[in-house]
Amino acid sequence: MFNKSITLLLIIVATSLTSLAQVLTVSQLAGQVNPLTSAVPFLGITPDARAGSMGDCGVASSPDVSSLFWNAAKYAFAESEFGVEASYTPWLRKLVTDINLSYLVAYKKLDKLQTISGSLRYFSLGNIVFTDITGTTTGNYSPNEFALDFGYTLLLSKNLSGAIALRYIHSDLTGGNSNEGTQTHAGNAIAADISVYYRHNTTINGQNAQWALGTNITNIGNKITYSDDSKSNFLPMNLRIGGSLMYEIDDYNSIMAQLDLNKMLIPTPPIYSTTSTNIIEAGMNPDVAVAQAIFQSFYDAPGGFKEEMNEIAYSFGLEYWYAKQFAIRGGYFHENEKKGNRKFLTTGLGLKLNVVNLDLSYIVALQNDHPLKNTLRMSLTFELGKNKKTETKE
């Protein structure tokens, strides 16, 4: 049998993500938390150090190897013909010491218009000790999740590109063990991303500048379940939109500022009656099909328009480059206290030596007991091929 505390944690995470709303009533709504919850939340963790050091911004930043996560359409404007990146993030080290996220991503330009890309995200949830009824250790198990992505990017015009990405998701939290008579199994899902990127060159005070806009709808896919008897749960479907502005101060110095907005595209938990969990007093029924959930997510919050606005998380990022070789980065991420309460500053460095990039990022949590405090990310990147101006069609 499992260590009971860990078993309970896994079952709650895997099979009961929508139950939080049942503890609230309309009279209790004011001042109470009402977060959106989904299966496989690891899909929303920033995997790379560059974006991680800029407040988790990336949908409209300049192209890099990890664009597949943020906005695959950016690959159309990548300067190199090929790139590969490996990243590693120790996760929630304030709570445990053996949870981590590993990320491997690559892209290849097929011609002037087309680019393909792929990635593997592997999330390890540490080690669980199995014991028998007497408490004797019988073995160990390491829960894990992974996502395998494939992306296709097409340059649509001189300044505009689009992309689609397909994703296979595998989530094995219990190792097939049973819990109170319920047999569990790994969860599997197929999802897709749709993204667009637009950028335009201009001048500011006689110096070169570039502004860009980007949007990415991620994880559009089937619900996932971990047992034949449990309720299926939505993937973390998400809408990300943003903009950036890059300004060349002189031949050696440049700076980029960016802003990202995020909105989860899953139902908001409703407020149930105190007499029956089948009666909804405020909000809408969350047990709907995926397509309906996406549209419903814009107007189903039991607190009305104000609560819908609270579900938008935002982040800012700044990046300074010297001689296109050394970067200093910073950022801020903000999530409403009733919708998750993630608030943190980020900082980081980048070093480019010929075809090799090394990036580091660090989270400075604004709460002393925040589980993300002191999170460190590391990325190592190789980009090959001639660095030339991307040719486009009109």
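Where along the chain does Leu92 lie? Select Leu92 to begin, and you will land in the loop between strand 1 (82-90) and strand 2 (100-109). Leu92 has a phi near 55°, a positive value in a residue other than glycine. Please keep in mind throughout this tour that the model is predicted.

**The whole view**

Now zoom out and colour by secondary structure. You will see five helices and 20 strands. The protein has 394 residues, and 48% of them are buried. The accessible surface comes to about 18400 Å², with 61% of that belonging to carbon and sulfur atoms. If you draw contacts between residues at least 6 apart in sequence, 60% of these contacts join residues at least 24 apart.

**Stop one: the nonpolar cores**

In soluble globular proteins, nonpolar side chains tend to be buried together. To look at this here, select Val40, Phe42, Phe123, Ile169, Ile224 and Leu235. These residues belong to the largest nonpolar core, which has 22 residues, and they touch the most other members. A second, separate core has 19 residues, including Val65, Leu68, Phe69 and Ala165.

Next, centre the view on Phe123. Which residues is Phe123 in contact with, leaving aside its neighbours within four places in sequence? Among them are Phe42, Ile45, Trp91, Ile99 and Leu101. The list also includes Asn100, Pro143, Asn144 and Glu145.

**Stop two: Asp56 and Asp260**

Select Asp56, found in the loop between helix 2 (49-52) and helix 3 (67-70). Asp56 is not a glycine, yet its phi is positive, at about 60°. Asp56 is also buried, with a relative accessible area of 9%.

Keep Asp56 on screen and add Asp260, which sits in strand 13. Along the chain the two are 204 residues apart, while their C-alpha atoms are separated by 8.2 Å. Is Asp260 buried or exposed? Asp260 is buried, with a relative accessible area of 0%.

Show what surrounds Asp260, leaving aside its neighbours within four places in sequence. Its contacts include Asp56, Cys57, Gly58, Val59 and Ala60. Trp70, Arg240, Ile241 and Gly242 are also in contact with Asp260, as are Ala313, Tyr314 and Ser315. Two polar contacts are worth drawing as dashed lines. In one, the side chain of Asp260 reaches the backbone nitrogen of Val59 at 3.3 Å. In another, the side chain of Asp260 meets the side chain of Arg240 at 3.2 Å.

**Stop three: salt bridges**

The structure holds 15 salt bridges. You have already met one of them: Asp260 and Arg240 form a salt bridge, at 3.2 Å from N to O. Asp260 lies in strand 13 (residues 253-264) and Arg240 in strand 12, so the pair ties together parts that are 20 residues apart in sequence. Both Asp260 and Arg240 are buried.

For another pair, select Asp287 and Lys223, whose side chains meet in a salt bridge of 3.6 Å, N to O. Asp287 is in the loop between strand 15 (280-282) and helix 4 (290-296), and Lys223 is in the loop between strand 11 (207-221) and strand 12 (238-248), so this pair ties together parts that are 64 residues apart in sequence. Asp287 is partly exposed, with a relative accessible area of 47%.

Now move to Arg329 and Asp359, which form a salt bridge with their closest N and O atoms 2.9 Å apart. Arg329 belongs to strand 17 (residues 326-334) and Asp359 to strand 19 (residues 356-365), so the pair ties together parts that are 30 residues apart in sequence. Arg329 is buried, with a relative accessible area of 4%, and Asp359 is buried too, at 7%. Add Arg50, Asp64 and Glu319 to the selection: together with Arg329 and Asp359, they are linked in a network of salt bridges.

**Last stop: strand 20**

Finish by selecting strand 20 (residues 376-384). Which residues form its covered face? They are Arg377, Ser379, Thr381 and Glu383. On the uncovered face are Leu376, Met378, Leu380, Phe382 and Leu384.

Show strand 1 beside strand 20: the two pair in the antiparallel sense over seven bridges, and Ala86 has Leu380 in strand 20 as its bridge partner. Then show strand 19, which also runs antiparallel to strand 20 and is joined to it by seven bridges. Here, Ser361 has Arg377 in strand 20 as its bridge partner.

Technical notes:
Residues numbered from 1 in each chain as written. Predicted model: local features only at pLDDT ≥ 70, side-chain atom pairs only at ≥ 80, totals over all residues. Heavy atoms only, no water. Core = buried A, V, L, I, M, F, W, Y, C linked by side-chain atoms within 4.5 Å. Buried < 20%, exposed > 50% of the residue type's maximum accessible area, 1.4 Å probe, protein only. Contact = heavy atoms within 4.5 Å. Helix = DSSP H or I, 4+ residues; strand = E, 2+ residues; numbered from the N terminus. Areas by Shrake-Rupley, 256 points an atom, 1.4 Å probe, with all protein chains shown as cover. Salt bridge = Lys/Arg side-chain N within 4 Å of Asp/Glu carboxyl O. Pairing = 2+ DSSP bridges. Polar contact = N/O pair within 3.5 Å; in protein donor to acceptor, adjacent residues only side chain to side chain.
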